[in-house]
Amino acid sequence: MTETLDIKITKTTASRLAETDFTNLPFGRTFSDHMLVADYADGEWKNFEIVPYGEMLLSPAISALHYGQSFFEGIKAYKHADGKVSIFRPDKNAERFNKSAERLCMPQLPEDIFIQSIAALVDLDREWIPGKPNHSLYIRPFMFATDPFLGVAPSTTYKYMVLTGPTGPYFSKTLRVKIETHYTRAAEGGMGFAKSSGNYGGAMWPARKAVEEGFDQLIWTDAKAHEYIEEMGAANAMFVLDGKLITPSLTQHTILDGVTRDTVITLAREFGYEVEERRVSVAEIIEGAKNGKLTDAFGAGTAATIAPVGSISHDGEEYFLSDPKTRDFSQKVLKTLDAIRYGNAPDTHGWNYMV
């Protein structure tokens, strides 16, 4: 039986809610009034607290800063038309959270504790959830090592935290993307499947170079020969090619097991689409763009949701796709997904965790 998590709550005495501009919510820059903090020491999780959002005092010698024992998750909460609040598929994030922890030699967090801790924080700051379309409360659970020890070894103490903040759309335009054929995001045997902070740090330089060339995102390819597509920036890459939904498989352990990815695949099959999770070659995507059989391309992720791709560049050539507004699949899946998340359609899969 699941036990109720004991969380000490200290409410803020100076809410920032009234001074927050809810008409201008760029992703990741506005934070709610409270945050959750917990400690791992002596082999157990303890000291679960919700406290006012603010700065923390940490040793400059903590392992996370020197050896990269740090990872995170991304989840969203939505306000329904009737005022109720739901968190979208937190059980899937809990599962992936623990996969990341295992890969980084960090302690796992029981899934029921993960979900209860997030729900408690969302419940306390539910007034921060925007009530308009394409807006949500972004939830950032993360864990990092805290041993003040400059030795290359797993830490024995850790901190688990959750931040939340209201946000609007992550992308507000159709994306111009470039297939990366030199730099590498992840290699087989590495930790590409984990939401390790280091994965994102290593991607920043090539991503910046791409932006300087006029692109919005990169499509990462395999480390060995750059012949197969893996991820798209901060999202899973998905294509409708010759009437089928095609997406890179998880079997190489180099890409994230995306929650939105899984949701899109489930909906696609319900729509009657054939779905192929397999290695996707650069060559077939470029050929599909040339001959018109590539009718849809987008990134799927918690922050991005469905991010349409307008053009794909490879080896100096740019291939333009159809207007995203005319695309049958991604338009239908986004409309269906939004209806479920905002409580405007039946949640037949039990994806909405009500708070």
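# A tour of two pockets and two loop residues

In the largest pocket, the element that gives the most to the lining is α4, with nine residues, and a good way to begin is to select this helix, residues 197-212, in your viewer. Keep in mind throughout that the model is predicted.

With α4 still highlighted, turn to the space beside its lining residues: the largest pocket holds about 970 Å³. To find the middle, select Phe72, Tyr170, Tyr200, Gly233 and Ala234, which lie nearest the centre of this pocket among the 39 residues that line it. Next, colour the other elements that give two or more residues to this lining, namely the strands β4 (70-72), β7 (136-145), β10 (217-221), β12 (235-241) and β16 (294-301), together with the helix α5 (259-271). If you then colour the lining by residue class, you should find 21 nonpolar residues, eleven polar ones and seven that are charged.

## The second pocket

Now clear the selection and pick Asn134, Phe171, Ile306, Pro308 and Leu334, which lie nearest the centre of the second largest pocket, where the lining is made up of 27 residues. The volume of this second largest pocket is about 530 Å³. Which elements give two or more residues to the lining of the second largest pocket? They are β5 (75-79), β17 (305-314) and α7 (328-341), and of the elements α7 gives the most to this lining, with five residues. Colouring by class here shows twelve nonpolar, nine polar and six charged residues in the lining of the second largest pocket.

## Two residues with positive phi

Leave the pockets and select Arg89, which is found in the loop between β6 (85-88) and α2 (90-103). Although Arg89 is not a glycine, this residue has a positive phi of about 50°. Is Arg89 buried or exposed? Its relative accessibility is 8%, and because buried means under 20%, Arg89 counts as buried.

Follow α2 along to its other side and select Cys105, which sits in the loop between α2 and α3 (111-124). Cys105, again not a glycine, has a positive phi of about 60°. With a relative accessible area of 48%, Cys105 is partly exposed, since exposed would mean over 50% and buried under 20%. Showing both residues together, you can set the buried Arg89 beside the partly exposed Cys105 as the last stop of the tour.

Key. Residues numbered from 1 in each chain as written. Predicted model: local features only at pLDDT ≥ 70, side-chain atom pairs only at ≥ 80, totals over all residues. Heavy atoms only, no water. 1 Å grid on protein atoms, 1.4 Å probe; cavity = no way out; pocket = protein on both sides within 12 Å on 5 of 7 lines; lining within 4 Å. Points joined across faces, edges and corners; volume = space filled by probe spheres on them. Helix = DSSP H or I, 4+ residues; strand = E, 2+ residues; numbered from the N terminus. Nonpolar A, V, L, I, M, F, W, Y, C, P; charged D, E, K, R; others polar. Buried < 20%, exposed > 50% of the residue type's maximum accessible area, 1.4 Å probe, protein only.
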